[in-house]
Structure formats: structure tokens, C-alpha cells
Amino acid sequence: MSVPPVAQRADSTNQLSPELQLIAEITAGLNAQQKIISSKFFYDSVGSDLFDQICDLPEYYPYLTEMNMLPHIASDLSQSIVQPVELVEFGAGSLTKIRILLESIKMIKSVVPIDIAHSHLQRAADKLSADYPHVNVAPIFADFTQPVSLQNKGKNQDELVKLGFFPGSTIGNFNRDFALTFLQRLRKTLGDSGMLLIGVDTKKSLHTLHQAYNDSAGVTAKFNLNILRHVNHIAASNFDLDAFEHYAFYNPHFGRIEMHLVSKIEQSVHINGQSIPFAQGETIHTENSYKYRPDEFIHLARMAGWRLEQQWMASNDMFSVFLLHANR
Ligand code: AVI
């Protein structure tokens, strides 16, 4: 199929539709010296399923470790949270982790899960509402990486202290500048009495990190390659998934796992009216996953207007969870 390039498809005001903006963003990334495709393109329905499978892998310790920590954290919070709160989860997915908090923290009166996957979130929110009829559930269908307004969401929302929830070390997928901007934004959204419960992956042995992103069943490799299938779908490009391979490594200089797709051969890929050349061995950078020592993360949180209230570490410091309070 031949698709006219994005530049020829702007409307009379020269505004690109959201779909065309995505194609323009992908094309620009592939024209950069280090080719990139944003990790947000991992999460079509196939990619979301593959991510769920990653979370079940024994090598992928972040999910399992945090899940094991949460009942204990929830029990601690049930003692310290004495005022009615509204729980706001950013990038809520299936609401599995929220359920663990609801089991213990009876002061959660309202839940506002935010996610872009509309039907998936609606289904999960309906189920949550049925299982916890005394809790008000008010989903917001939005990209949580963009500013989100909580106005008019939740019941009696003005009276409820906001408890933000950002588990899974998703903060690690943001570069340092954006991580700071995002934490500052949450500080503003959650207000002067706001709190934030956030899961952050730690620096650890290279071997453990390597195994987590190079699992023996090859699920992470499939997850990485699926981004090309998704891009083909969005942009009518012709990436051949067999002509690329998964490559993930820990970069100690930046303190991050980098995921790339390596071109196995010299080839050209057609996208948006352009032919993008690949040398053999050239890579597309698809994801960063930053790891933080607790002191590094606490410093970042402070710069964003938060203060540390409580900290939990998994055994062997495998994963950390922080409760932050707004610094007034
Ligand atoms: C969603 N995010 C926190 C995962 C991570 O570990 O950075 C995404 C992922 N990429 C490969 N495996 C898991």
C-alpha cells in the first residue's frame, strides 16, 4: 500500500491529526543519528499481553518483588493514614495492585485510575466497583504522561486528601529530566496535602539485571520486536521482524537498562514516503529503564517538591517503595 507522506496530509490549518502526529514522531525518530522508537509504542493489545507475560517470568524480579512487598506496605499505611483519601493511580492497567491497597487501607474512599487503554480500564473499573461497592471508582481515560486534571472526578473530591500511586518502576522509563518534570507535575496535581506512593527499581548486580531483560523464554525479545509490528500497523511501514533482533544491556554510565533492536542485515525500510537505510548491526533504541539507588531517588523527589515520609526495601535491596508527602 502506498501512503502519502505526512507532510502532504496536514489539513488547511496545517494541523496534523493525532494519528499523523504519531507517524511524524516515528519517522523523525528513525531519521535521528541514533534511531529511536518511543517505548510508548510497545503497548498495543499484543504488547500489553506480552508485558503481562513478562510480569509472570521468574527472571523479571521488579513485578514479583513489588507485589510481595505491597501487602506489608498496605498494612503499614492502614496505621498511618487516618484521614479519608482518594487514591489516584497513574497508568493503572488492570487495577491488580490497587486491590491490595484497598484490602488494608479502609480510609480509601475513592479511586481514580488513569490509563489510556479505554476499554481495558473501563472493564477493570467496573469489576473493582462491583467488588468494593462502598468505594467510589471514577476512571480517567488519558495519557498519564501528559498533564491530567482531577477536577470534578471522584466523590466529594475536595474533602479527600489525594494519595498518588505510581508502582512498577515506570518512573524508570523516563529520562532524568522528564522524571523530574513528571514528579513536579504530580506534586501540583495532588496538591499541598498530597501524598505519593511510588515503586522504584534499584541498582543491583549486572547478572540479575541482564537476566531480567534477557529472559530464557524469549518473552522480552518478542515484546521488543512487537514494537515494529505495531509501527507497521500505525504507519503502514514494512519492517520485517525477522530481520531484527532483541538486544538489552545495562549501561553503568547512565545507570539504565537499554533495549535496542539490531538490524541483522543491511536493508531499507519504507515509512511515510521515505526509505530508511539500515547498516548491518545498526540499532533502533526502543527503551531505557533507569535504576536508582535510594539516595538518588530521594534527591530527585526533593527537587520536585516532595519529602520522604517512609521507605520500604525488599530483601537484598532488590526493589524500593517510597511514601512521599508534599513539601509545603
Ligand atoms: C514498564 N516498565 C517499568 C518495564 C521496565 O522494566 O522498564 C518495561 C519492560 N521492558 C522490558 N521488560 C519490562
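Colleague: How much area do domain 1 and domain 2 bury between them, and how should I read such a value?

Modeller: Buried area is what two parts lose in accessible area on being put together, summed over both. In this predicted model, domain 1 and domain 2 bury about 800 Å² between them, and 47% of that lies on carbon and sulfur atoms.

Colleague: Which stretches of the chain make up the two domains?

Modeller: A domain may be written as several segments joined by plus signs, as the assignment does here: domain 1 is 11-58 + 219-290, while domain 2 is 62-142 + 153-203 + 293-326. Their C-alpha centres lie 29 Å apart, and 10 residues of domain 1 are in contact with eight residues of domain 2.

Colleague: Why does the ligand lie between the two domains?

Modeller: One looks at where the residues of the shell come from, and here both domain 1 and domain 2 give residues to the shell around the ligand, so the ligand lies between them. The shell has 14 residues, with Y60, N173, Y213, E287 and S289 the closest, and α2 (45-55), α8 (219-235) and β12 (283-290) each supply at least two of its residues.

Colleague: How many residues of each class does the shell hold?

Modeller: Sorted by class, the shell around the ligand has seven nonpolar, six polar and one charged residues.

Colleague: Which side chains make polar contacts with the ligand, and how does one recognise them?

Modeller: One looks for a pair of N or O atoms within 3.5 Å. A ligand nitrogen is 2.8 Å from an N or O atom in the side chain of N173, and a nitrogen of the ligand is 2.7 Å from such an atom in the side chain of E287. For Y213, a polar side-chain atom lies 2.5 Å from a ligand oxygen. Taken alone the ligand exposes 340 Å², of which the protein buries 96%.

Technical notes
Residues are numbered from 1 along each chain as its sequence is written. This is a predicted model: local features need pLDDT of at least 70, side-chain atom pairs count only at pLDDT 80 or more; totals for chains, interfaces and linings use all residues. Side-chain values use heavy atoms; hydrogens and water are left out. A residue is near a molecule or strand if one of its heavy atoms lies within 4 Å of it. A polar contact is a pair of N or O atoms within 3.5 Å; within protein, one must be able to donate a hydrogen and the other to accept it, and residues adjacent in sequence count only if both atoms are side-chain atoms. Accessible areas come from the Shrake-Rupley method with a 1.4 Å probe; for residues, only the protein chains shown count as cover. Helices (H or I, at least four residues) and strands (E, at least two) are DSSP runs, numbered from the N terminus. Ala, Val, Leu, Ile, Met, Phe, Trp, Tyr, Cys and Pro count as nonpolar, Asp, Glu, Lys and Arg as charged, and the others, Gly among them, as polar. Domain bounds come from an automatic or database domain assignment. Contact means heavy atoms within 4.5 Å. Buried area is the accessible area (1.4 Å probe) that two parts lose on being put together, summed over both.
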